[in-house]
Amino acid sequence: MVRTSRIARVTLHGQLVGYWDREAVRLEAIAASTRFGWQRRRTLRTAAEARTKAERSRQREATRNAAAQPGEA
């Protein structure tokens, strides 16, 4: 029996995309309920950093997927 499709593996970068997106949403929820402005600014800054990390992992995952499919270039 010959398999024609490969099982998609979840890579570390694929996992990190979801993690950092969830972390950013969590931090934004915390920022919405903070009492002081400095806490809100710091938490929103951390959420922005988490979104940046998610985007970096998303780009690395896309690069990996593109390199794994050399016939479609």
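Let me begin with Arg26, which counts as partly exposed because its relative accessibility is 42%, where buried means under 20% relative accessible area, exposed means over 50%, and partly exposed is what falls in between, with a 1.4 Å probe and protein chains only. This is a predicted model, in which local features need pLDDT of at least 70 and side-chain atom pairs count only at pLDDT 80 or more, while totals for chains, interfaces and linings use all residues. Residues are numbered from 1 along each chain as its sequence is written, and side-chain values use heavy atoms, with hydrogens and water left out.

To set the frame, the secondary structure of the protein consists of two helices and zero strands, where helices (H or I, at least four residues) and strands (E, at least two) are DSSP runs numbered from the N terminus. Helix H1 covers residues 12–32, and helix H2 covers residues 37–68. Of the 73 residues in the protein, 19% are buried. The accessible surface comes to about 6100 Å², with 55% of that area belonging to carbon and sulfur atoms; these areas come from the Shrake-Rupley method with a 1.4 Å probe, and for residues only the protein chains shown count as cover. If we take the contacts between residues at least 6 apart in sequence, 61% of them join residues at least 24 apart, a contact being heavy atoms within 4.5 Å.

Now to the charged pairs, where a salt bridge is a side-chain nitrogen of Lys or Arg within 4 Å of a carboxyl oxygen of Asp or Glu. How many salt bridges does this rule give? The count comes to four.

One of them returns us to Arg26, whose side chain meets that of Glu23 in a salt bridge at 2.7 Å, N to O. Both residues lie in helix H1, three residues apart, which is about one turn of the helix. Whereas Arg26 is partly exposed, Glu23 counts as buried because its relative accessibility is 17%. Glu23 also has a link to consider across the sequence, as its C-alpha lies 7.2 Å from that of Ala47, although the two residues are 24 residues apart along the chain.

A second pair is Glu28 and Arg51, whose side chains form a salt bridge at 3.1 Å, N to O. Glu28 is in helix H1 and Arg51 is in helix H2, so this pair ties together parts that are 23 residues apart in sequence. Both partners are partly exposed, with a relative accessibility of 32% for Glu28 and a relative accessible area of 36% for Arg51. Elsewhere, salt bridges that share partners join Asp21, Glu55 and Arg58 into one network.

Within that network, Arg58 forms a salt bridge with Asp21, and the closest N and O atoms are 2.8 Å apart. Here distant parts of the chain are linked, with Arg58 in helix H2, Asp21 in helix H1, and their positions 37 residues apart. Arg58 is partly exposed at a relative accessible area of 34%, and Asp21 is partly exposed at 24%. Is Asp21 in contact with anything else, or rather, which residues does Asp21 touch beyond those up to four places away in sequence? They are Arg51, Ala54 and Arg58. The C-alpha atoms of Asp21 and Ala47 are separated by 8.9 Å, with the two positions 26 residues apart along the chain.

I would also like to draw attention to Glu61 in helix H2, which is buried yet has no salt bridge, the nearest side chain of opposite charge being Arg64 at 4.4 Å. Lys and Arg count here as positive and Asp and Glu as negative, with His and the chain ends not counted. Apart from neighbours within four places in sequence, Glu61 is in contact with Thr11, His13 and Gly14. Thr11, for its part, sits in the segment before H1 and counts as buried because its relative accessibility is 13%. With residues up to four places away again set aside, Thr11 touches Glu61 and Arg64.

Finally, the surface: Arg40, Arg41, Arg42 and Arg45 gather in a patch of positive charge. Patches are made of residues with over 30% relative accessible area and no salt bridge, like charges being joined within 9 Å and nonpolar side chains (Val, Leu, Ile, Met, Phe, Trp, Tyr) within 5 Å, and the place of a charge is taken as NZ of Lys, CZ of Arg, CG of Asp or CD of Glu. Arg42, one member of this patch, is found in helix H2 and counts as partly exposed at 44% relative accessibility.
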